[in-house]
Amino acid sequence: MKVLITGAAGFIGMHVAQILLARGDEVVGIDNLNDYYDINLKKARLACLANYPGFKHVLLDIADRPGMAALFEKEKPNRVLNLAAQAGVRYSLENPHAYVDSNVVGFVNVLEGCRHNGVEHLVYASSSSVYGGNTKMPFSEHDNIDHPVSLYAATKKANELMAHTYSHLFNLPTTGLRYFTVYGPWGRPDMALFLFTKAIIEDRPIDIFNHGKMRRDFTYIDDIAEGTVRVIDRPAAPSPSFVADVPDPATSWAPYRVFNIGNHDPVGLMDYIAALEKALGKEAQKNFLPMQAGDVPATSADIAELSAHTGFAPAMPVEEGVRRFAAWYRDYFKV
């Protein structure tokens with residue numbers, strides 16, 4: 001297949017592209033290489049992908065409407081994976097317009113490209129943050145998600161609604177993946193594990209929000225990438241059991257699905273930090289702080305639907321996943 005991946009220089013994009021390329025698919029990777037975090041890390045990821053003859057990088061912002069239309073018309077991808085987005089919950093409080101430009105305007109451009117160029121399946125990154133103020137655990141795709149607590153979450157829910165519209169109007173198969181706290185080698189420098197590791201190695205204190213009383217469904221990058229590829233390979237189809245009188249948010253009469261993709265084994269933040277301290281052989285200096293605006297105390301993924309659809313369930317234990325990240329970090333930064 002020819003697969004178009006937006007955000008190909010990103011954390012998840014790089015790992016998914018490697019799997020596709022290794023099995024012989026062609027990958028056209030879009031990335032605008034913005035400076036939200038260290039651009040050198042993004043370039044290093046692209047350098048890894050450049051080792052595969054089937055990879056092509058296109059420097060493009062998905063919010064560029066004519067640029068995206070021209071690219072789709074030229075490349076005619078079979079399938080599309082949309083990972084390009086302005087990421088981060090806390091940053092959405094500071095720069096809301098960046099989220100609308102990338103996550104809403106950019107996503108319309110992706111949808112239009114798919115619609116007009118015969119794309120067989122659009123898979124796109126949603127987020128566990130769409131569950132917002134929900135407290136029923138584990139989070140299920142069948143639950144209502146009408147109470148987001150950050151603009152980032154609201155844009156991700158908007159993506160799901162927009163995708164459904166295109167599935168209904170244009171019979172475009174779309175699948176949204178609600179990723180749960182992804183971590184591992186080549187991870188994002190703005191995420192907790194990266195920040196913690198850097199601070200501990202540099203003998204600086206780490207900031208621990210909600211006084212450490214947080215639980216997250218930390219999900220290892222290899223599991224995320226494998227699950228994503230399996231979903232790409234299985235286009236969404238209409239649900240024969242969908243009943244409009246009692247609408248199921250996870251399915252539709254249209255070729256539309258959403259899935260959680262998480263480790264289904266929430267871990268306390270302090271246990272996560274303990275695993276990192278063990279991996280680094282060094283204790284962290286801890287600075288306990290109150291909960292941040294837009295954050296939630298816990299996440300937990302019900303992955304029964306993903307397992308039934310793909311036959312796959314993430315399973316990497318946090319202690320091993322954190323150990324692998326710490327080893328990569330020391331090697332990459334030579335520390």
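Here are a few exercises with worked solutions on this predicted model.

**Exercise 1. Strand β1 and its neighbours**

Work out how residues 2-6 of strand β1 are covered, and which strands pair with β1.

*Solution.*
- Step 1: Begin with the cover. Five of the five residues in β1 are buried, which makes the strand mostly covered.
- Step 2: Sort the side chains by face. In a regular strand, side chains alternate between the two faces of the sheet. Here K2, L4 and T6 lie on one side, with V3 and I5 on the other, and all of them are buried.
- Step 3: Look for the partner strands. β1 runs parallel to strand β2 (residues 26-31), joined to β2 by five bridges. Within this pairing, L4 stands opposite V28.
- Step 4: Trace the chain between these two strands. From β1 the path goes through helix α1 (residues 11-22) to β2, giving a right-handed β-α-β crossover.
- Step 5: Add strand β4 (residues 79-82), which also pairs with β1 in the parallel sense, over four bridges. T6 has N82 as its bridge partner there.

**Exercise 2. Strand β11**

Find out which residues of β11 point each way, and which residue stands opposite Y256.

*Solution.*
- Step 1: Check the cover. β11 spans residues 256-261, and six of its six residues are buried.
- Step 2: Split the strand by direction. Y256, V258 and N260 point one way, while R257, F259 and I261 point the other. Both groups are buried.
- Step 3: Identify the pairing. Strand β6 (residues 174-179) lines up parallel to β11 over six bridges.
- Step 4: Pick out the residue pair. Opposite Y256 you will find T174.

**Exercise 3. Two residues of helix α6**

Decide whether L151 and H164 are buried or partly exposed, then describe the surroundings of each.

*Solution.*
- Step 1: Place the residues. L151 belongs to helix α6, which covers residues 151-170, and H164 is in α6 as well.
- Step 2: Recall the cut-offs: buried is under 20% relative accessible area, exposed is over 50%, and partly exposed is in between.
- Step 3: Apply them to L151. Its relative accessibility is 32%, so L151 is partly exposed.
- Step 4: Apply them to H164. Its value is 19%, so H164 is buried.
- Step 5: See what surrounds L151. Together with V100 and V105, L151 forms a nonpolar surface patch with about 190 Å² of accessible area.
- Step 6: See what surrounds H164. Leaving aside residues up to four places away in sequence, H164 touches S252, W253, A254 and Y256. Y256 is the β11 residue from Exercise 2 that stands opposite T174.

Definitions and conventions:
Residues are numbered from 1 along each chain as its sequence is written. This is a predicted model: local features need pLDDT of at least 70, side-chain atom pairs count only at pLDDT 80 or more; totals for chains, interfaces and linings use all residues. Side-chain values use heavy atoms; hydrogens and water are left out. Buried means under 20% relative accessible area, exposed over 50%, partly exposed in between (1.4 Å probe, protein chains only). Two strands pair if DSSP finds at least two bridges between them. Patches are made of residues with over 30% relative accessible area and no salt bridge: like charges are joined within 9 Å, nonpolar side chains (Val, Leu, Ile, Met, Phe, Trp, Tyr) within 5 Å. Accessible areas come from the Shrake-Rupley method with a 1.4 Å probe; for residues, only the protein chains shown count as cover. A salt bridge is a side-chain nitrogen of Lys or Arg within 4 Å of a carboxyl oxygen of Asp or Glu. A crossover is right-handed if, with the strands pointing away from the viewer, the path from the first strand over the helix to the second runs clockwise. Contact means heavy atoms within 4.5 Å.
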